[in-house]
Amino acid sequence: ALGNLACNDKNKVTIAEAGAIPPLVNMLTCGTAVAKENTAGALLSLAVHVKNRVTIAEAGAIPPLVNLLTSRAAIAKKKGAAALWSL
């Protein structure tokens, strides 16, 4: 749901200001495979806003996004790589 909301530019800032980035980063390490894929997609959308890039990196997203690159699921690899690229 956050991934869909993050498609709107105004929402990108609102979502980050609401404190959603740290819990999303946590989902990258503790969530199910599908949750990790969706979380990477949400972070990708949020990272379009320059200010959010720093917040995402400072929240510790880079190591778990790198871990997605070794996932068995092609979609997880693609979303993880795209999210890293956007940072």
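Asn52 lies in helix H5, which covers residues 50-58, and it offers a place to enter this predicted model. Because its relative accessible area is 3%, below the 20% under which a residue is called buried, Asn52 counts as a buried residue. Its side chain comes to 3.0 Å from the backbone oxygen of Leu46. Setting aside residues up to four places away in sequence, Asn52 touches Leu46 together with Lys12, Val13, Ala16 and Ile21.

A second residue of the same stretch of sequence, Ile56, leads further inward. When neighbours within four places in sequence are left out, Ile56 is in contact with Ile21, Val25, Leu43, Leu46, Ala47, Ala61 and Leu87. Leu46 and Ile21 therefore appear in the contacts of Ile56 as well as in those of Asn52, which is buried.

Ile56 also belongs to the largest nonpolar core, a group of 17 residues in which Leu28, Leu43, Leu46, Ile56, Ala61 and Leu65 touch the most other members. Two or more residues of this core come from each of helix H2 (9-17), helix H3 (21-30), helix H4 (33-46), helix H6 (62-68) and helix H7 (74-86). Among these elements, H3 makes the greatest contribution, with 4 residues.

How do H3 and H4 lie against each other, and at roughly what angle do their axes cross? The two axes come within 8 Å and cross at roughly 145 degrees, and the crossing in which H3 passes H4 is left-handed. On the side of H3, the contact is made by Ile21, Leu24, Val25, Met27, Leu28 and Thr29, while H4 takes part through Ala35, Lys36, Thr39, Ala40, Leu43 and Leu46. Several names met earlier return here, including Ile21, Val25, Leu43 and Leu46, which are also contacts of Ile56.

With these details in place, the whole protein can be considered. Its secondary structure comes to 7 helices and 0 strands, so that, read along the sequence, the elements follow the pattern α-α-α-α-α-α-α. Of the 87 residues in the protein, 34% are buried. Among contacts with a separation of 6 or more, 56% are accounted for by residues 24 or more positions apart in the sequence. Turning from the interior to the outside, the protein exposes about 5000 Å², and carbon and sulfur atoms supply 62% of that area.

Methods. Residues are numbered from 1 along each chain as its sequence is written. This is a predicted model: local features need pLDDT of at least 70, side-chain atom pairs count only at pLDDT 80 or more; totals for chains, interfaces and linings use all residues. Side-chain values use heavy atoms; hydrogens and water are left out. Buried means under 20% relative accessible area, exposed over 50%, partly exposed in between (1.4 Å probe, protein chains only). Contact means heavy atoms within 4.5 Å. Accessible areas come from the Shrake-Rupley method with a 1.4 Å probe; for residues, only the protein chains shown count as cover. A polar contact is a pair of N or O atoms within 3.5 Å; within protein, one must be able to donate a hydrogen and the other to accept it, and residues adjacent in sequence count only if both atoms are side-chain atoms. A nonpolar core is a set of buried Ala, Val, Leu, Ile, Met, Phe, Trp, Tyr and Cys residues joined through side-chain atoms within 4.5 Å. Axes are lines fitted to C-alpha atoms, for helices over the stretch in contact, and angles run from 0 to 180 degrees between N-to-C directions. A crossing is left-handed if the near helix is turned anticlockwise from the far one by less than a right angle, and right-handed if clockwise.
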